[in-house]
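Reader: Hi, I'm new to this one. Could you pick a single part, take me through it closely, and then show me how the rest of the chain fits around it?

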Amino acid sequence: KSSLRPSRIFIVEDDVFILRELEITLESLGYAVVGCALSAFHAFEAIPQQHPDVVLMDMCLSGEIDGIEATRLITSTYDIPIIYLATHPDRNAWLRAKHTNPFGYLTQPWSREELGISIDIAINRHQAEMEAKRALDLVRQEQQSIETSNKVYRHSLSMATHELRNF
């Protein structure tokens, strides 16, 4: 995410009144709402095209696929942080949802500040995780390079030892 552009938010919410309220609140906080979907199916179609920084997901979407399963499918394909939205606390739903490793969980009524802070935390955590993954990849590459160098060194040492014995 560039600091020159507002964070891009995608909303998946089946209640049009909540959806519109979220859209207005997010835009007033300076976020760019890049898309909205009323169902998991529409979210699957739109999210890859919109490249959001964060997805706000209604946990209890109506339809064949609820928000929890939608999150599982989205995060298995795309590296996008998802924050769950719930109209009321639901322990059973949360027990299912926590296995999708969400970046946040908000229950209504959420405040403007809670919404903004949750999004900022999700974006910062996601950036930190991405940096950690890049650092780990660099360490692995360096480790492979060292292992290759060690193999070459051992082979050269073995050849030199063999020649000295035959001298």
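Author: Let's start with a bit of vocabulary: two strands count as paired when DSSP finds at least two bridges between them. Also keep in mind that what you're looking at is a predicted model. The part I'd pick is strand E4, residues 82-86.

How enclosed is E4 by the rest of the structure? A residue is called buried when its relative accessible area is under 20%. In E4, 5 of the 5 residues are buried, so the strand is largely enclosed by the rest of the structure. Follow the side chains and you'll see them go two ways: Ile-82, Tyr-84 and Ala-86 point to one side, while Ile-83 and Leu-85 point to the other. Whichever way they point, all of them are buried.

Now for the neighbours. On the E3 side, strand E3 (residues 54-58) is joined to E4 by 4 bridges, and the two run parallel. If you want one spot to check, find Val-55, whose bridge partner in E4 is Ile-82. To get from E3 to E4, the chain goes through helix H3 (residues 67-77), making a right-handed β-α-β crossover.

E4 also pairs with strand E5 (residues 104-107), again parallel and again with 4 bridges. Here the spot to look at is Tyr-84, which stands opposite Tyr-105 in E5. The chain gets there through helix H4 (residues 91-97), and that β-α-β crossover is right-handed too.

Stay on Tyr-105 for a moment, as there's something else to see. The structure holds 1 aromatic pair, formed by Trp-94 and Tyr-105. The rings sit 5.1 Å apart, centre to centre, with 55 degrees between their planes, which makes the pair tilted. Trp-94 belongs to helix H4 and Tyr-105 to strand E5, so the pair links parts of the chain 11 residues apart. Neither ring's residue reaches the buried class: Trp-94 counts as partly exposed at 27% relative accessibility, and Tyr-105 counts as partly exposed at 29%.

The loop between H4 and E5 is worth a stop as well, since Asn-101 is there. Its phi is near 55 degrees, a positive value in a residue other than glycine. Asn-101 is exposed, with a relative accessible area of 54%. A similar case turns up before E3: His-51, in the loop between helix H2 (40-50) and E3, has a positive phi of about 50 degrees although it isn't a glycine. His-51 is exposed as well, at 56% relative accessible area.

Past E5, look for Pro-109 in the loop that leads to helix H5 (112-165). The peptide bond from Gln-108 to Pro-109 is cis, with omega near -5 degrees. There's also a charge-over-ring arrangement to find: the charged end of Arg-125 sits over the ring of Phe-103, 3.9 Å from its centre.

What does E4 help to build? In soluble globular proteins, nonpolar side chains tend to be buried together. In this model, the largest nonpolar core has 20 residues, and those with the most contacts inside it are Phe-10, Val-12, Ile-47, Val-55, Met-57 and Met-59. E4 is one of the elements that each supply at least two residues of this core, along with strand E1 (8-12), H2, E3, H3 and H4. H2 gives the most, with 4 residues. Val-55, the bridge partner of Ile-82, is also among the residues that Phe-10 touches, and so are Ile-47, Ala-43 and Leu-56. A second, separate core has 19 residues, including Ile-9, Ile-11, Leu-19 and Tyr-31.

Let's finish with E1, another contributor to the largest core. E1 and strand E2 (residues 32-37) pair in the parallel sense over 5 bridges, with Arg-8 standing opposite Ala-32. The chain crosses from E1 to E2 through helix H1 (residues 16-28), in one more right-handed β-α-β crossover. Ala-32 counts as partly exposed, at 23% relative accessibility. Apart from neighbours within four places in sequence, Ala-32 is in contact with Pro-6, Ser-7, Arg-8 and Ile-9.

Definitions and conventions
Residues are numbered from 1 along each chain as its sequence is written. This is a predicted model: local features need pLDDT of at least 70, side-chain atom pairs count only at pLDDT 80 or more; totals for chains, interfaces and linings use all residues. Side-chain values use heavy atoms; hydrogens and water are left out. Buried means under 20% relative accessible area, exposed over 50%, partly exposed in between (1.4 Å probe, protein chains only). A crossover is right-handed if, with the strands pointing away from the viewer, the path from the first strand over the helix to the second runs clockwise. A nonpolar core is a set of buried Ala, Val, Leu, Ile, Met, Phe, Trp, Tyr and Cys residues joined through side-chain atoms within 4.5 Å. Contact means heavy atoms within 4.5 Å. Rings of Phe, Tyr and Trp (its six-membered ring) pair if their centres lie within 6.5 Å; planes under 30 degrees apart count as stacked, over 60 as edge-to-face and the rest as tilted. A charge sits over a ring if NZ of Lys or CZ of Arg is within 6 Å of the ring centre and within 35 degrees of the ring normal.
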